[in-house]
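Reader: Before I use this model at the bench, could you take me through the terms applied to it and tell me what each of them rests on?

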Amino acid sequence: PPSGVSLSAQPPGGQVALGDRLVLNCTVAAGTGLLSFSWHREGSGAELGTGPRLELRHVGDNDSGHYRCRVSNGDSMAESTPLKVTVL
């Protein structure tokens, strides 16, 4: 099963100026098989993206919040701890 799922942000710390670009990267320490990624923001039921990288080209006020990445290998799922994104 996938494990050790973690998030990193560019710019570091998840603080981004209004209108700027934010990139989130999801890494998996261990896991076998075909891994699928999905991105979620707390309070939003919609999936924000798939793949190990999520790019928001022009962040808006409504992009602030806690983001998490889910990784699945078809049998089991692991989730990152939430990363707080603040739009300045």
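**Terms and what they rest on**

Author: In strand 9, Leu83 is the bridge partner of Tyr67. Please keep in mind throughout that this is a predicted model.

Reader: What makes strand 7 and strand 9 a pair?

Author: Strand 7 and strand 9 (residues 83–87) are joined by three bridges in the antiparallel sense, and since two strands pair if there are at least two bridges between them, the three found here are enough, so the two count as paired. Strand 7 also pairs with strand 4 (residues 36–41), antiparallel and over six bridges, and in that pairing Phe37 stands opposite Val71.

Reader: How do you know that strand 7 and strand 8 pair, and what is found in the hairpin between them?

Author: Three bridges join strand 7 to strand 8 (residues 77–79), and the two run antiparallel; because at least two bridges are required, they count as a pair. The hairpin has four residues between the strands, and Gly74 there takes a positive phi near 95 degrees.

Reader: Why is the contact between Glu79 and Arg70 called a salt bridge?

Author: The closest N and O atoms of Glu79 and Arg70 are 2.4 Å apart, and because the cut-off for a side-chain nitrogen of Arg and a carboxyl oxygen of Glu is within 4 Å, the contact qualifies as a salt bridge. Arg70 and Glu79 are bridge partners between the strands as well.

Reader: Are these two side chains buried, exposed or in between?

Author: Glu79 has a relative accessibility of 33% and Arg70 one of 29%; because buried means under 20% and exposed over 50%, both values fall in between, and both residues are partly exposed.

Reader: What makes Arg57 exposed, when Glu55 is called partly exposed?

Author: Arg57 has a relative accessible area of 59%, which is over 50%, and therefore counts as exposed, whereas Glu55, at 25%, lies between the two limits and is therefore partly exposed. Glu55 and Arg57 form a salt bridge, with the closest N and O atoms 3.4 Å apart, and Glu55 also meets Arg53 in a salt bridge at 3.3 Å, N to O. Arg21, Arg53, Glu55 and Arg57 are linked in a network of such bridges, and the structure holds seven salt bridges.

Reader: Which strands form the open sheet, and what makes two of them edge strands?

Author: The open sheet has three strands in the order 1-3-6, with antiparallel pairing, and the edge strands are strand 1 (3–10) and strand 6 (53–56), each of which pairs on one side only. Strand 1 pairs with strand 3 (residues 22–30) over seven bridges, and because at least two are needed, that pairing meets the criterion. Ser3 has Ala30 of strand 3 as its bridge partner.

Reader: What can be said of the peptide bond between Gln10 and Pro11?

Author: The bond joining Gln10 and Pro11 is cis, with omega about 10 degrees, and Pro11 is placed in the loop between strand 1 and strand 2 (15–16).

Reader: Why would nonpolar side chains gather in a core?

Author: In soluble globular proteins, nonpolar side chains tend to be buried together. The largest nonpolar core in this model has 19 residues, and those with the most contacts inside it are Leu22, Leu24, Cys26, Trp39, Cys69 and Val85. Strand 1, strand 3, strand 4, strand 6, strand 7 and strand 9 each supply at least two residues of this core.

Notes:
Residues are numbered from 1 along each chain as its sequence is written. This is a predicted model: local features need pLDDT of at least 70, side-chain atom pairs count only at pLDDT 80 or more; totals for chains, interfaces and linings use all residues. Side-chain values use heavy atoms; hydrogens and water are left out. A nonpolar core is a set of buried Ala, Val, Leu, Ile, Met, Phe, Trp, Tyr and Cys residues joined through side-chain atoms within 4.5 Å. Buried means under 20% relative accessible area, exposed over 50%, partly exposed in between (1.4 Å probe, protein chains only).
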